[in-house]
Amino acid sequence: MTGRDDVCECCGGAVGARAVEPPEMGRTAPLWLLQTESVLRLSDGTDKFTKVAQYSGRLLSQLMLVHTGSSVARLDVFTGRLSASRKVLRLGRWAYSLPGLRDDLHDLREAKTGFQTFLASWAVTNSTLGVATDFLDDMIWATKIGLLPAKWRDTLEWYSERCWYITCFIDIAFTLYHLVQLHRQLAAATAARDAAERRGGLSPAGRRRRRQQGQPD
C-alpha cells in the first residue's frame, strides 16, 4: 500500500501490468531471450528498456561534449525522440493505480486502532498523490503536443513535481517502518527457536555445533 502505484512492492513492476507468456520459440531458444521477450511484452518493461537507452544516449552525449567540446546532433535527436516515446508508453498509467487506492481506502475503513488508522491514512494520501502525479504528467504531455494550452505547462509541472517528491518521502518512511517490523519479527523468531532448543535439553550453541558436524539434533 505504499508508493506510487506504478511500482509493485514485490517485483518492481507497474501496478496493473499483466505478465504475458512468450510464444513458443523452440526448445533451442536461450532462457535469457525468453525472459527478455516476456519483459518487453509488459508496457512497463518496454518503458524501462527505452529509459535505459535514453539515458545511455544522454551519458554518451555528455562524455563527447566533455572530451571533444561538441555533442552529436543525431544523438541528441535520438534521446529526445526516446523521451517522447516514453511519454506515450506512460499515458493512462494513473488508471492502473486506482485499484491500489481503492484497497487503501478499504484498509482505512477497516482500521481498528489509532495506529492502523494513521498508517492507512498516509497510505491513502500516498496513493492519491501517485494518481495525481501520473494524471498531471499526462496533462503536461498534452500541453507539449498542443492538446492543451502551453501556458498551463509550468503550473502543471510545479504541482506534478511536488506531488512526486511527497510520495518519495512517504515511501521512504513506509520502507523504514517495514524494515523495523521485519527486524522485530526476525528477533522474535530467533528467540522462539532458541527457547525451543533449550527445552530440548541442548543449548543453541551446542545444537549449532552438532549441525556443523553433520550430527542429528
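The expected span of a helix is 1.5 Å times one less than its number of residues. In this predicted model, helix α7 covers residues 153-199. Its 47 residues should therefore span 69 Å, and the end C-alpha atoms of α7 are indeed 69 Å apart, so the two values agree.

Helix α7 has a set of buried residues: Leu156, Ser160, Cys163, Thr167, Ile170, Phe174, Asp194 and Glu197. Tyr165 also belongs to α7. Its relative accessibility is 48%. Buried means under 20% and exposed over 50%, so a residue in between is partly exposed. Tyr165 therefore counts as partly exposed. Tyr165 contributes to a nonpolar surface patch of about 780 Å². The other members of this patch are Trp164, Phe169, Ile172, Leu176, Leu179 and Leu182.

Aromatic contacts were examined next. A pair of aromatic rings is described by the distance of the centres and the angle of the planes. Six aromatic pairs were counted. In one of them, the ring centres of Phe118 and Trp122 lie 6.5 Å apart, with the planes at 75°. Planes over 60 degrees apart count as edge-to-face, so the Phe118 and Trp122 pair is edge-to-face. Both residues sit in helix α6 (residues 114-144). They are four residues apart, about one turn of the helix. Phe118 is partly exposed, at 45% relative accessible area. Trp122 is likewise partly exposed, at 40%. Phe118 and Trp122 join Phe115 and Tyr177 in one aromatic cluster.

A charge also meets a ring elsewhere in the model. Arg58 lies over the face of Tyr55, 5.1 Å from the ring centre.

Technical notes:
Residues are numbered from 1 along each chain as its sequence is written. This is a predicted model: local features need pLDDT of at least 70, side-chain atom pairs count only at pLDDT 80 or more; totals for chains, interfaces and linings use all residues. Side-chain values use heavy atoms; hydrogens and water are left out. Patches are made of residues with over 30% relative accessible area and no salt bridge: like charges are joined within 9 Å, nonpolar side chains (Val, Leu, Ile, Met, Phe, Trp, Tyr) within 5 Å. Accessible areas come from the Shrake-Rupley method with a 1.4 Å probe; for residues, only the protein chains shown count as cover. A salt bridge is a side-chain nitrogen of Lys or Arg within 4 Å of a carboxyl oxygen of Asp or Glu. Helices (H or I, at least four residues) and strands (E, at least two) are DSSP runs, numbered from the N terminus. Buried means under 20% relative accessible area, exposed over 50%, partly exposed in between (1.4 Å probe, protein chains only). Rings of Phe, Tyr and Trp (its six-membered ring) pair if their centres lie within 6.5 Å; planes under 30 degrees apart count as stacked, over 60 as edge-to-face and the rest as tilted. A charge sits over a ring if NZ of Lys or CZ of Arg is within 6 Å of the ring centre and within 35 degrees of the ring normal.
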